[in-house]
Amino acid sequence: MSAVTLKLIFGDDRRRARVPSTDGFTFAALEKLVLASFPEVNEPITIQYVDDEDEVITVATDVELAEAFRVASEEGRKVLRITVSGADAPAAPAASASVPAAASAPTPMPAPTPAATPTPAPTPTPAPTPTPAPT
């Protein structure tokens, strides 16, 4: 494959790096590049990108990295945006140009509320039995 520019994103910090050829560029090489670019990142790191279906994809192997390069190439992207998070500070994934930044981060689900125990209906009090009048 051809050369590609990576935009590495860690929190509010962004760095650009040029990979002369994606052939033979391994996940280990990407990790080394990330750690050299962001020495403040604590390992283990998580690397993600937004794919052609606007879904956040985690990259953890050479095969997954090759797929990220393929997706970027097929879409004609000039830059592959890589979001980095470390053990202590997870970052929101980078959104593609067609997705607003707020839409790229998942919306937290509200905590489930415990199911209310149904209150039993009050037991009806029987009506008093009339006593016969004395005769």
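Where in the chain is the place of P44? I begin with that residue, and I should say at once that what we are looking at is a predicted model. P44 has its place in the loop between α1 and β3, and the peptide bond that leads from E43 to P44 is cis, with omega near 0°. I will come back to the loops later, after going through the overall layout, the sheet, the first helix and the core.

Let me turn to the layout. The chain has 135 residues, of which 30% count as buried, and its secondary structure comes to three helices and five strands. Reading from the N terminus on, the order of these elements is β-β-α-β-β-α-β-α. If we take the contacts between residues at least 6 apart in sequence, 53% of them join residues at least 24 apart.

Now the sheet. The five strands form an open sheet with mixed pairing, and their order across it is β2-β1-β5-β3-β4. Because β2 and β4 stand at the edges and have a single partner strand each, one side of each of them is left without a neighbour in the sheet. From one strand to the next, the twist averages 30°. As a general reminder, the strands of a sheet pair through backbone hydrogen bonds, in either a parallel or an antiparallel manner. Within this sheet, β1 and β5 run parallel and are joined by five bridges, and at one point along the way L8 stands opposite I82 in β5. Helix α1 packs on the sheet, where it touches β1, β2, β3, β4 and β5, and its direction makes about 55° with that of β1.

That brings me to α1 itself, which spans residues 27–37 and in which F27, L30, V34 and S37 are buried. These four cover an arc of only 85° around the axis, and so they lie on the same side of α1. The exposed residues A28, K32 and A36 are carried by the face that is turned away from this buried side. What is it, then, that covers the buried residues of α1? The covering elements include the strands β1 (4–10), β2 (13–19), β3 (46–50), β4 (56–59) and β5 (79–85), together with the helix α2 (62–74).

Next comes the nonpolar core. In soluble globular proteins, nonpolar side chains tend to be buried together. In this model the largest nonpolar core has 23 residues, and those that touch the most other members are L6, L30, V34, I47, L80 and I82. Two or more residues are given to this core by each of β1, α1, β3, α2 and β5, and the largest share, five residues, comes from α2. If residues up to four places away in sequence are not counted, I82 touches L6, K7, L8, I9, I47, Q48 and Y49.

I would also like to set two threonines side by side. T5 is found in strand β1, and it counts as buried because its relative accessibility is 9%, which is under the 20% limit. Its side chain is joined to that of R18 by a polar contact of 2.9 Å. Leaving aside neighbours within four places in sequence, T5 is in contact with R16, A17, R18, K78, V79 and L80. T58, by contrast, is found in strand β4 and is partly exposed, with a relative accessible area of 39%. A polar contact of 3.1 Å joins its side chain to that of Q48, and, with neighbours within four places in sequence again left aside, T58 is in contact with T46, I47, Q48 and E64. The C-alpha atoms of T58 and I82 are separated by 9.7 Å, the two residues being 24 apart along the chain.

Finally, as promised, I return to the loops. Which loop holds D54, and is this residue buried, partly exposed or exposed? D54 lies in the loop between β3 and β4, and with a relative accessibility of 37% it counts as partly exposed. Its phi is near 60°, a positive value in a residue other than glycine. For anyone who wants to inspect the backbone of this model, D54, with its positive phi, and the cis bond from E43 to P44 are the two places I have in mind.

Definitions and conventions:
Residues numbered from 1 in each chain as written. Predicted model: local features only at pLDDT ≥ 70, side-chain atom pairs only at ≥ 80, totals over all residues. Heavy atoms only, no water. Buried < 20%, exposed > 50% of the residue type's maximum accessible area, 1.4 Å probe, protein only. Arc of directions from axis to C-beta. Contact = heavy atoms within 4.5 Å. Pairing = 2+ DSSP bridges. Axes fitted to C-alpha atoms, helices over the stretch in contact; angles between N-to-C directions. Core = buried A, V, L, I, M, F, W, Y, C linked by side-chain atoms within 4.5 Å. Polar contact = N/O pair within 3.5 Å; in protein donor to acceptor, adjacent residues only side chain to side chain.
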